[in-house]
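User: Hi! Could you walk me through this model, one question at a time?
Analyst: Happy to; let's look at it together.

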Amino acid sequence: MKKILATTAALAMAASAGMAEVKVGLITTLSGGGAGLGIDVRDGFMLAINQSGRTDVEVVIEDDQRKPDIAVQLSDKMIQSEKVDVLTGIIWSNLAMAVVPAAVNQDVIYLSPNAGPSALAGKGCHKNYYNVAWQNDNLHEAAGAYANSAGYKNSFILAPNYPAGKDALTGYKRFFEGELAGELYTKLGQTDYAAELAQIRASGADSVFFFLPGGMGISFLKQYADSGIDLPVVGPAFSFDQGILQAVGGAALGVVNTSQWNKDIDNPTNAAFVESFQAEYGRLPSLYASQGFDTANLLLSALETASPDDGDAFRAALSAANFNSTRGDFSFGPNNHPVQTIYAREVIKEGDVFTNKIIGVALENHSDAYAAECKM
Amino acid sequence: MIQERYLNALVLFGLIAVPLYAMATEELFTITLATRAVILALAAVGLNLALGLGGLVSFGHATFFGIGGYTMGVLAYHAQTYTALDLGLFTIEGTKSMPIIWLVAIILSSLVAVVIGMLSLRTSGVYFIMITLAFGQMFFFFTISWAAYGGEDGLSIYVRNGFPGLNTLVPIQFYGICFVILCAVLFLNARLAKSPFGLALNAARQTPMRTQTVGLDPTRLKLVAFVISGAITGLAGALFADLNRFVSPTMFSWQFSGEIMLFIILGGVGRLFGPVIGAVIFVTLEHFLGEITDFWHIYLGVILVIIVLFARGGIVGLLSGRGGGHD
Amino acid sequence: MSTVLIIEQVLNGLQFGVMLFLMAAGLTLIFGVMGLINLAHGSFYMIGAFVAAAVAAATGSFLLALIAALIAAAAAGAIVEMVVIRRLYATDHLDQVLATFALILVFSEGTRWIFGSFPLFLDIPGYLSGPVTLPGGIQYPLYRLTLIGAGLAVGLGLWALIERTRVGIQIRAGENDREMIAALGVDISKLYTLVFALGAALAGLSGALVGAIQSVQVGMGEPVLILAFVVIVIGGIGSIKGAFVGALLVGLTDTLGGIFLPQLFKLFMEQSAATNAGSAVASMSIYILMSIVLIWKPTGLFGARP
């Protein structure tokens with residue numbers, strides 16, 4: 001026993017001596033319309049790095065402006081000039097699709113703090129690609145599962161007409177056992193949902209599921225509340241996130257949404273995270289901030305046991321996911337995507353602030369539908 | 001004040017020297033930036049043919065850029081997945097060969113330019129600006145919902161396409177290809193402007209009535225210019241896709257049409273090297289301002305406004321002391 | 001599909017069209033009088049919405065918020081006109097495009113700098129929220145009806161201003177012959193500033209009104225700007241009447257296309273393929289409409305000048 005301990009200590013010493021510099025490239029959206037999400041991921045990530053007190057981890061941060069071609073160039077820059085060991089930070093699936101395949105093929109580790117396109121979870125999986133957030137379908141699947149448990153029999157479902165939107169409706173339908181009163185694809189970036197609301201009203205549905213990220217969701221919820229339709233609404237967490245809930249206001253009260261994280265998840269890591277994030281940045285952390293925080297902690301935990309220079313050992317350390325996640329239990333499936341519990345949350349008002357409260361579990365230890373296709 | 005041709009020579013020298021220096025110092029990203037600038041310059045040189053020479057203010061040149069990009073994307077995607085491209089009547093194999101991709105990109109964007117040109121040239125002035133914008137938007141929304149090729153996610157090509165005898169994965173070699181193409185197109189452009197066609201086109205822009213009375217059809221002249229212009233921008237699109245190894249609907253966006261127009265105005269409308277200088281300056285500004293602040297768009301905007309207000313005739317006009325060169 | 005649903009959708013299309021008209025009217029007025037292409041028009045829409053949200057949050061009054069939005073957008077318009085735009089009248093469309101494109105960058109990032117990266121909250125006032133029942137049993141949101149009413153009222157006011165007042169005469173004269181009215185002693189630069197501020201105020205008002213049912217966020221003006229351009233091009237640039245007709249056409253096409261095209265495709269396609277193809281064509285529909293109009297009438301429906 002002693003011997004083993006000694007070896008570990010020696011290893012740890014050797015490791016810390018050998019890895020004077022670990023370079024991490026963080027490419028995320030910091031300017032323009034979608035900047036709120038990127039800023040949260042960055043802040044969460046940097047909070048964990050700073051709390052670790054490690055001075056040997058250098059993080060290079062760049063703004064992709066939410067443009068795929070800029071993101072690709074930045075990743076070229078990170079890999080060619082900065083020679084980073086690890087890349088992370090991308091928010092949007094289309095940007096991830098542009099950056100990740102090329103990066104992981106150049107032997108760079110990519111840790112996804114947000115996007116989880118199905119193409120990278122199934123046949124396109126890669127040993128250097130780790131998703132620390134969710135596979136894109138996950139929260140929608142959980143919404144479908146919640147709808148069953150809530151006794152909904154006839155849902156009206158809608159999402160924007162783009163790949164993530166299609167994944168969303170597919171995910172919901174994969175778990176929802178009832179009928180569909182209607183299925184709609186809206187225009188990407190659409191801001192007026194009057195036409196869709198009229199169809200919902202006329203459809204005879206008993207519940208509504210929607211996936212409309214960002215401003216689209218804000219517009220939809222405000223107009224939904226004003227339309228007088230009083231069917232229960234279910235959706236993934238993206239439209240009920242801390243950052244945008246204040247802009248939706250009372251229109252979101254009582255809506256049930258699915259998320260792998262919430263600020264009231266009861267574990268010490270999460271409590272410390274919520275408190276220190278608020279102290280540091282003066283606002284409540286969002287889902288995205290928690291994902292950035294977890295991503296950094298996963299990285300830090302792997303660095304404790306191995307150096308990125310030793311590829312196999314480092315990947316093994318990452319796969320072990322030996323860190324305290326803000327969402328409690330967290331492990332990786334065979335395709336390096338999370339196996340985690342997804343909760344149903346309800347939007348409430350705490351004093352003047354709109355926020356979420358967990359009301360139950362939607363899916364326990366949930367993996368994803370593509371893991372079987374992944375041959376790593 | 002510098003004479004315009006010395007300025008041009010200086011730009012060419014810079015486009016050779018900077019990447020070579022970057023290679024020597026192993027600053028590989030500088031080469032990537034230079035490649036981006038050269039390709040964007042090529043797209044703008046294409047637009048400049050329609051805009052500077054033909055007076056056709058097209059706000060939809062992203063259409064051709066996108067078509068070039070998607071030509072590369074679709075062909076390479078089928079080659080990379082070993083599937084055939086089903087065109088209904090017959091199927092064709094994908095390819096990873098740059099020359100073939102370029103040829104197809106040029107042909108397709110020319111064909112589309114013929115159709116858009118014939119329809120759009122019925123209008124003029126602001127209406128022309130807007131109808132070309134409308135065609136760009138149609139392609140943009142179409143590709144977003146075109147699930148077979150990734151929709152909004154776009155298409156990733158894992159390995160850059162090949163060129164016989166070169167290793168395109170080496171940044172400087174790919175840069176060389178793009179630079180040679182840009183030079184060739186600039187040379188053609190210069191010849192074209194002095195050719196009978198170029199002179200007639202110039203006349204058609206300035207005095208359409210008079211051109212008509214001597215038996216030349218201004219609309220046809222403009223259509224030819226529009227098609228050549230579209231083909232060049234299409235070629236640039238194919239190269240841009242190869243630079244990023246990725247295509248997506250943003251290549252069709254109206255903001256991009258605006259950006260290439262911006263390069264030309266920034267550099268100097270109707271000047272041979274105007275678009276090149278504009279693109280180089282824009283890429284440089286974008287890179288260095290982004291380093292300084294998150295809010296770099298503000299500074300970029302202010303700089304652009306100042307250039308428009310105080311440097312008539314663009315940078316070329318300002319430096320060569322012959323401002324107000326365009327009408 | 002029931003008649004009630006169709007009527008409701010037509011109302012939705014009208015409401016969308018009327019809001020587009022507020023944007024397009026300013027744009028077309030500015031183009032008609034000064035010959036200026038103003039890409040930054042969408043920024044005034046955004047300014048209106050942000051100022052309204054900020055004032056509503058501070059005072060709790062929606063009416064005050066609207067007034068503040070009007071004033072702020074008009075002031076922003078006047079300042080921009082005096083500092084930048086008035087140097088552009090003599091230049092060609094290209095310089096105008098570049099300069100106003102640059103102004104979008106300044107305004108968007110400036111707004112983000114001041115208000116932060118997250119969307120703001122702006123809600124419908126209590127007395128206008130919720131649905132009302134129309135004849136025939138149609139449930140329709142009161143606020144949207146108000147929007148239709150407000151838009152029509154502003155349109156009427158604009159018509160009265162241009163046709164019935166002294167300023168209106170000057171504006172119309174400015175469209176036809178700017179040298180002449182300058183020679184007649186009208187202070188042309190003051191008139192231009194006024195028209196520009198008026199256009200900006202209309203955009204700001206529309207941003208504030210729409211902001212209450214949509215997301216108040218950076219970049220919200222750009223999609224509307226493109227739509228407004230489509231509207232004025234269809235209607236014929238410089239024509240207020242054209243802008244009105246164009247706005248209604250675009251509003252109805254966009255709204256009804258989104259619903260009926262997928263239904264139409266279902267007649268000869270399998271369900272989910274039809275939904276996909278229908279949505280794809282629907283998102284292109286207004287641009288298709290615009291090109292058809294231009295191919296048929298190269299200067300738009302009511303455009304006079306080539």
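User: How many salt bridges does the rule find across the interface of chain B and chain A?
Analyst: Keep in mind that this is a predicted model. One of the bridges pairs the side chains of Arg245(B) and Asp76(A), with N to O at 3.1 Å; that fits the rule because the cut-off is 4 Å. Across the interface of chain B and chain A, the number of salt bridges found is three.

User: Thanks! And how many residue pairs are in polar contact between chain B and chain A?
Analyst: Here a pair counts if both residues are at pLDDT 80 or more. With that condition, the count between chain B and chain A is six.

User: Which element gives the largest share of the side of chain B that touches chain A?
Analyst: The elements of chain B that give two or more residues to this side are α2 (28–53), α5 (125–144), α9 (218–244), α11 (274–292) and α12 (296–310). The largest share is four residues, and it comes from α2(B).

User: By class, how many charged residues are on the side of chain B that touches chain A?
Analyst: Good one to ask before looking at electrostatics. The contact takes 30 residues from chain B and 30 residues from chain A. On the chain B side, 11 are nonpolar and 10 are polar, while the charged residues number nine.

User: Which three residues supply more of the area that chain B buries against chain A than any other three?
Analyst: Chain B and chain A bury about 2600 Å² between them, with 52% of it on carbon and sulfur atoms. Of the area that chain B buries against chain A, 23% is supplied by Phe29(B), Glu152(B) and Asp153(B).

User: Moving to chain A, is Thr258(A) buried or exposed?
Analyst: Thr258(A) sits in strand β10, residues 256–259 of chain A. Beyond its neighbours within four places in sequence, its contacts include Ala142(A), Gly235(A), Pro236(A), Ile342(A) and Tyr343(A). Its relative accessible area is 0%, so Thr258(A) is buried.

User: Which residue's backbone oxygen does the side chain of Thr258(A) reach?
Analyst: The partner is also among the residues in contact with Thr258(A). At 2.8 Å, the side chain of Thr258(A) reaches the backbone oxygen of Leu139(A).

User: Last one: how far apart are the end C-alpha atoms of residues 142–162 of chain C?
Analyst: An unreviewed UniProt entry lists residues 142–162 of chain C among its "transmembrane region" features, along with 97–122. Residues 97–122 of chain C are 73% helix, with ends 32 Å apart. Residues 142–162 of chain C are 100% helix and 0% strand, and their end C-alpha atoms are separated by 30 Å.

Methods
Residues numbered from 1 in each chain as written. Chains lettered and ligands numbered in written order. Predicted model: local features only at pLDDT ≥ 70, side-chain atom pairs only at ≥ 80, totals over all residues. Heavy atoms only, no water. Contact = heavy atoms within 4.5 Å. Buried area = accessible area lost by both parts, 1.4 Å probe. Polar contact = N/O pair within 3.5 Å; in protein donor to acceptor, adjacent residues only side chain to side chain. Nonpolar A, V, L, I, M, F, W, Y, C, P; charged D, E, K, R; others polar. UniProt positions renumbered as here; feature names shortened; annotations may be inferred. Buried < 20%, exposed > 50% of the residue type's maximum accessible area, 1.4 Å probe, protein only.
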